[in-house]
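Colleague: Hello! I am new to this structure and would love a close look at a single part of it.

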Amino acid sequence: MLHLRHFAVPGRLAPFSAEVAAGQQLHVIGPNGAGKSSLLAALAGVMPSHGEARLAGQPLIALSGRQQAGCRAYLSQQQPPLAMMPVFQYLALHAPPAADPRAVEQVTAQLAARLRMDDKLARITTALSGGEWQRVRLMAVLLQIWPTLNPDARLLLLDEPANSLDVAQRAALEQLITDLCRHGVTVILSAHDLNQSLHHAQHVWLLHHGELLADGPPEQVIDPARLGPVYGVAFQRHTTDDRHWIMTRSA
């Protein structure tokens, strides 16, 4: 689905080549400054890049802004509300132009219920808490590429999407991402919660100082011996109820 060849962000990310399958959930991990946000911003076309990025055979970055918005959605790490408007109006701006209005209304209601925002749709965006605004932003990008509304949806880019979310909201987001992947949408997200990546990612990229150090299944990449030199702390892996957990090791 997504093919990268010698893809690079000048001064931030060294050239690398990789492929991401359709419907795959890929997590990009690494310490602060590793290049995670730069990679996602470059794939979203909002940061200069070199090399080749093809989505479903088409040159992604070379597409017009309207064409890119029709096949991929991007959630940046931070974005404050820029205008005073009700949440439902903000969301309507992100719905696919050709989508049936009744279908948009139904999907909006479903997303709001799952992210526990159904009682906030009439609230003004500038009056929301940090966690509420993050969920509105998530609903917006999900609407943009929701498969039943947008048959051309191919890719969702999420930069630390769980910021400001509580445990229940994170669980709801994880299920929404899983649902998207089942419909063939590829999801690439950056994360700092290594256990989230260990349990939910199908593939992991480990970045450090702007270089791709490891590329593979989570159980191979999220390894104490590999992570220690990158993060500068000692890790250990535990197994509880047949699930692996990664933890820092006290001195």
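Which residues in α5 meet which residues in α6?

Modeller: Happy to walk you through it, and please keep in mind that this is a predicted model. On the α5 side the residues are Arg135, Leu138, Leu142 and Ile145, and they meet Gln169, Leu173, Leu176 and Leu180 of α6. Sorted by type, the residues of this contact are 6 nonpolar, 1 polar and 1 charged. The charged one is Arg135 and the polar one is Gln169, because Arg counts as charged, while Gln falls outside both the nonpolar and the charged lists.

Now for how the two helices sit together. Two packed helices are described by the angle between their axes and the distance between the axes. Helix α5 covers residues 130-145 and helix α6 covers residues 167-182; their axes are 12 Å apart and make an angle of about 10°. The pair is therefore called roughly parallel, since any angle under 35 degrees counts that way.

Each of these helices also leads to something else worth a look. Let us begin with α5, which holds Trp133. The ring of Trp133 forms an aromatic pair with that of Tyr90, with 5.2 Å from centre to centre and 55° between the planes, a tilted arrangement. Tyr90 belongs to helix α3 (residues 87-92), so this pair ties α3 to α5 across 43 residues of sequence. Both partners are buried: Tyr90 has a relative accessible area of 13%, and Trp133 has one of 9%. Buried here means under 20%.

A search of the whole structure finds 3 aromatic pairs. Another of them joins Phe16 and Trp205, edge-to-face, with 5.4 Å between the centres and 80° between the planes. Phe16 is in strand β2 (residues 13-20) and Trp205 is in strand β9 (residues 203-208), so here the parts tied together are 189 residues apart in sequence. Phe16 and Trp205 are both buried.

Back to α6, and to the loop that lies between β7 (155-159) and this helix. Glu160 has its place in that loop, and so does Ser164. Most residues other than glycine have a negative phi, and most peptide bonds are trans. Glu160, however, is not a glycine and has a positive phi of about 50°. Ser164 is not a glycine either, and its phi is positive too, at about 70°. Their surroundings can be told apart by accessibility: Glu160 counts as buried at 14%, whereas Ser164 is exposed, with a relative accessible area of 54%.

You may also wonder about the cysteines. The structure holds 0 disulfides. Cys71 is in none, and the nearest cysteine sulfur to its own is that of Cys181, 16 Å away. With a relative accessibility of 11%, Cys71 counts as buried. Cys181 is likewise in no disulfide, its nearest cysteine sulfur being that of Cys71. Cys181 is buried as well, with a relative accessible area of 12%.

One last stop takes us to helix α7 (residues 194-200), where His199 is found. His199 counts as partly exposed, because its relative accessibility is 23%. Apart from neighbours within four places in sequence, His199 is in contact with Arg243, His244 and Trp245. Glu219 is 20 residues from His199 in sequence, and their C-alpha atoms are 9.0 Å apart in space.

Key
Residues are numbered from 1 along each chain as its sequence is written. This is a predicted model: local features need pLDDT of at least 70, side-chain atom pairs count only at pLDDT 80 or more; totals for chains, interfaces and linings use all residues. Side-chain values use heavy atoms; hydrogens and water are left out. Helices (H or I, at least four residues) and strands (E, at least two) are DSSP runs, numbered from the N terminus. Buried means under 20% relative accessible area, exposed over 50%, partly exposed in between (1.4 Å probe, protein chains only). Contact means heavy atoms within 4.5 Å. Axes are lines fitted to C-alpha atoms, for helices over the stretch in contact, and angles run from 0 to 180 degrees between N-to-C directions. Angles under 35 degrees count as roughly parallel, over 145 as roughly antiparallel, 65 to 115 as roughly perpendicular and the rest as oblique. A disulfide is a pair of cysteine sulfur atoms within 2.5 Å. Rings of Phe, Tyr and Trp (its six-membered ring) pair if their centres lie within 6.5 Å; planes under 30 degrees apart count as stacked, over 60 as edge-to-face and the rest as tilted.
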